[in-house]
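Reader: I keep meeting words like "buried", "edge" and "core", and I would like to see how each one is earned. Could we go through them together with a structure in view?

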Amino acid sequence: MSRKYHKTSISNNGNNFYLQFHIKDWMRRLPDFINLPANKKNFKETLRTSDYNLAYERANKRLKELQIIDRPKPEAVLVGADAYWKGTQDFEIMTDTDLDTMYDYLTEMISSSSISDHIHELKITDEQSFSNAENNLLAIEREREKRKSKFYDKPHPYPVGLAVMSNKYMEELKAEGKSSKTQNKVKNASKRFLEYREIADIELRLITPKMVSDYVKFARTKDRAVRTFRNDINYLGAVFEFAKREGYLNNIENPFRGQKMTNFKEPSVRKPFTSEMIVKLIELASEDKELTQLIYVSYYTGMRLDEIFTAKLDKEENVRIFNVAENGGKTESATRIIPLHSELKKITLSNWMSPSSTALGKRFGRLKDKMLEELEIEEDKNKFVHHSFRHGFSTILLNAKYSELEISDLTGHKKSNIGRTQAGKTYFARQSMSKLFEMIESIPKLNV
């Protein structure tokens, strides 16, 4: 459930919540407001509930119906290389007839003396209009030639840049069903490399092994965590290989491969939250139902934050469960079920109001820092994160004499290689529901 508007759009009068906001000038062009008298300045409508979470959900739905939120924004007109690369992508899926129609339209647009009509329609300048049209024509001409030749290898008119190819690679990952989190790792890796070079983009063919080696040395001096930096280099190398595979680059050496990562900062050792810390977190979050729910679910399930955000409540064998990472997750074993602890059955589990797991995680991070500050241990800020719940969950189960193999059915960790066939299949089936529930119930009740 996304939060797209400020919470003050919801007002409270006695035991009832209302959707209430000032009617702005731009709203009067919308269907529901166009006939309102000019002297009507405010909108107010009952949400028919005294529950804030339900009021929020109804207000969000109503604002969408009124077209107040989620209004489409005009996209910026692409010019130069950006217009060309976007065109190559769009025209690949067009029929020959549609290509011809588009070609004629763009040609007429360039040669027409009434270009101002298009400018008024698209709200762009002459220079932008011509650049966009000309580069789309280049993309159409190339697509036409490709369709006439079985083996087409004519070079593109623009050298491909890291930023452009990173976006294309992210689209490929999305088509393969990879999570948005994985896609964003590609974007962040490219962003950090370009920030190091102090440029908006760089041609892939100009990136050399020496340049990447210097980047490694720079990262080492900045105390970059070796695991994160190694992942960055791997993603950048994958972008480079993708460009070669798709024909944007000749078969040249991948400068991101073979780089040595030595003498980097060791990863921070994460610690599990103590009972005192968790009780303090709940106390500080007492006015925030969403963060309170997050703390309880995290403690009693050991799920990763992004798993909690997407997990679905379900039933199996007449037992209430969390259906986790249904569409795949961080590991092959991430897809799993977790029975609800008896303490979780006592609370109402609501949909998340935060727009994403990242936003929810940032809010928890601020709460966690405040907790550490009040307990006067803020110097350990980097040792305690949301993942600390997961560490504590596993530690409790290990201390309860369950094996790592048993615990992996609840945590989604990779199972032991023992008992695997040559095809990689495991002999170990998931444990029974009664065993999973027994393990979950061994997590002690919070003393709050």
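Reader: What phi does Gly 412 take, just after H15?

Author: In this predicted model, Gly 412 follows directly after helix H15 and has a positive phi of about 80°.

Reader: Which residues of helix H15 are called buried?

Author: In H15, which spans residues 404-411, they are Ile 407, Ser 408, Asp 409, Leu 410 and Thr 411. The label requires a relative accessible area under 20%.

Reader: And what do the buried residues of H15 pack against?

Author: Their partners are helix H11 (289-301), strand S6 (336-339), helix H14 (387-399) and helix H16 (433-441).

Reader: Let's try one residue with a value. Why is Asp 232 called buried?

Author: Its relative accessible area is 3%, and the cut-off is under 20%. Asp 232 therefore counts as buried. You can find Asp 232 in helix H9, residues 226-245. Setting aside neighbours within four places in sequence, Asp 232 is in contact with Ala 189, Arg 192 and Arg 224.

Reader: Now the sheet: what makes S1 and S3 edge strands?

Author: The order is S1-S2-S3, in an open sheet with antiparallel pairing. Strand S1 (10-13) and strand S3 (42-46) each pair on one side only, and that makes them the edges. From one strand to the next, the twist averages 30°.

Reader: How do you know that S2 and S3 are paired?

Author: Pairing needs at least two bridges, and 5 bridges join strand S2 (residues 16-22) to S3, so the two strands count as paired. Across this pair, Tyr 18 stands opposite Thr 46 in S3. Helix H1 (residues 52-65) lies across S1, S2 and S3, at about 35° to S2.

Reader: Last word: what makes a group of residues a nonpolar core?

Author: The residues must be buried, of nonpolar kinds such as Phe and Ile, and joined through side-chain atoms within 4.5 Å. The largest such core here has 46 residues, and Phe 273, Ile 295 and Phe 322 have the most contacts inside it. Its largest share, 7 residues, comes from H11. Other elements giving two or more residues include strand S5 (319-324) and helix H13 (357-374).

Reader: Which residues does Phe 322 touch?

Author: Not counting residues up to four places away in sequence, its contacts include Val 297, Met 303, Ile 338 and Leu 349. There is also a second, separate core of 43 residues, with Ala 133, Leu 194, Val 212 and Phe 264 among them.

Key. Residues numbered from 1 in each chain as written. Predicted model: local features only at pLDDT ≥ 70, side-chain atom pairs only at ≥ 80, totals over all residues. Heavy atoms only, no water. Buried < 20%, exposed > 50% of the residue type's maximum accessible area, 1.4 Å probe, protein only. Helix = DSSP H or I, 4+ residues; strand = E, 2+ residues; numbered from the N terminus. Contact = heavy atoms within 4.5 Å. Axes fitted to C-alpha atoms, helices over the stretch in contact; angles between N-to-C directions.
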